[in-house]
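Biologist: Before we discuss any details, could you show me the model and then take my questions in turn?

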Amino acid sequence: MARPPRFDTDQILDAAVRLAASAGPGGVTMSAVAQAIGAPSGSMYHRFAGRSALLAEVWLRSVERFQEGYFASLHSDTDPRRAARAAARHVVEWSRAHPEEAALLLYGPWEFGRAGWSEEHTGRADAGNQRVYAAIGTLAAALGATGPQDRDRVTLALIDLPLSVVRRHLRAGGPLPPHAEDLAEECAAALL
């Protein structure tokens with residue numbers, strides 16, 4: 001009978017998130033993660049085919065966790081303006097609750113080696129992105145945003161501006177200010 005693993009996948013990915021938040025994607029190596037959790041380096045290869053697979057999984061787990069709440073926010077109200085405000089607010093709320101994962105996501109998938117990901121990993125990433133843009137497109141249509149400029153305005157309000165509120169503080173290594181959620185929501189409302 002095989003011995004049960006000493007470290008589960010979430011423990012390994014949690015250590016990878018901490019390394020990425022403190023040292024960037026370059027700090028996430030198989031040996032660095034193994035050392036962070038006190039595991040032999042070789043044991044990492046029992047869970048991940050290589051560094052590319054580790055980077056893909058840490059990125060995807062973080063982005064999928066974020067997207068779960070984001071979709072819930074986008075569908076939280078039948079009034080599209082209130083749903084949009086909730087979505088903008090969620091970006092900041094989630095980032096406050098998960099600062100290390102939020103710092104990781106500021107890099108983007110290409111810095112996490114997307115070019116070397118497996119088809120399964122790129123498929124998951126693409127499906128998540130398509131789902132986000134489809135949901136934003138549906139909300140934009142409900143708001144009457146039909147032209148390219150109007151759709152860009154909705155994307156700016158729901159993605160770009162809330163991320164800029166988060167980015168500045170996380171990149172500086174500081175906490176988000178208490179008014180950050182309100183600011184993201186008010187900016188989204190003003191644009192819409």
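Modeller: Helices, of at least four residues, and strands, of at least two, are DSSP runs numbered from the N terminus. Please keep in mind that this is a predicted model.

Biologist: What percentage of the span of residues 29-48 is helix?

Modeller: UniProt, in an unreviewed entry, lists residues 29-48 as "DNA-binding region". The end C-alpha atoms of this span lie 12 Å apart, and with strand at 0% the helix share is 60%.

Biologist: Which helix supplies the largest share of the largest nonpolar core?

Modeller: The core holds 60 residues, and V33, L54, Y70, L74 and L158 touch the most other members. Several helices each supply at least two of its residues, including α1 (9-23), α2 (30-37) and α8 (148-171). The largest share, 12 residues, comes from α4.

Biologist: Is the pair of W59 and F112 stacked, tilted or edge-to-face?

Modeller: W59 lies in helix α4 and F112 in the loop between α6 and α7, so their pairing ties together parts that are 53 residues apart in sequence. Their ring centres are 5.9 Å apart and their planes stand at 35 degrees, which lies between the limits of 30 and 60 degrees, so the pair is tilted.

Biologist: Which residues form one aromatic cluster with F112?

Modeller: F112 counts as buried at 0% relative accessibility, whereas Y107, at 28%, counts as partly exposed. The rings of Y107 and F112 have their centres 6.3 Å apart and their planes at 70 degrees, so this pair is edge-to-face. The residues that form one aromatic cluster with F112 are W59 and Y107.

Terms used: Residues numbered from 1 in each chain as written. Predicted model: local features only at pLDDT ≥ 70, side-chain atom pairs only at ≥ 80, totals over all residues. Heavy atoms only, no water. Core = buried A, V, L, I, M, F, W, Y, C linked by side-chain atoms within 4.5 Å. Buried < 20%, exposed > 50% of the residue type's maximum accessible area, 1.4 Å probe, protein only. UniProt positions renumbered as here; feature names shortened; annotations may be inferred. Phe/Tyr/Trp six-rings, centres within 6.5 Å; stacked < 30°, edge-to-face > 60°.
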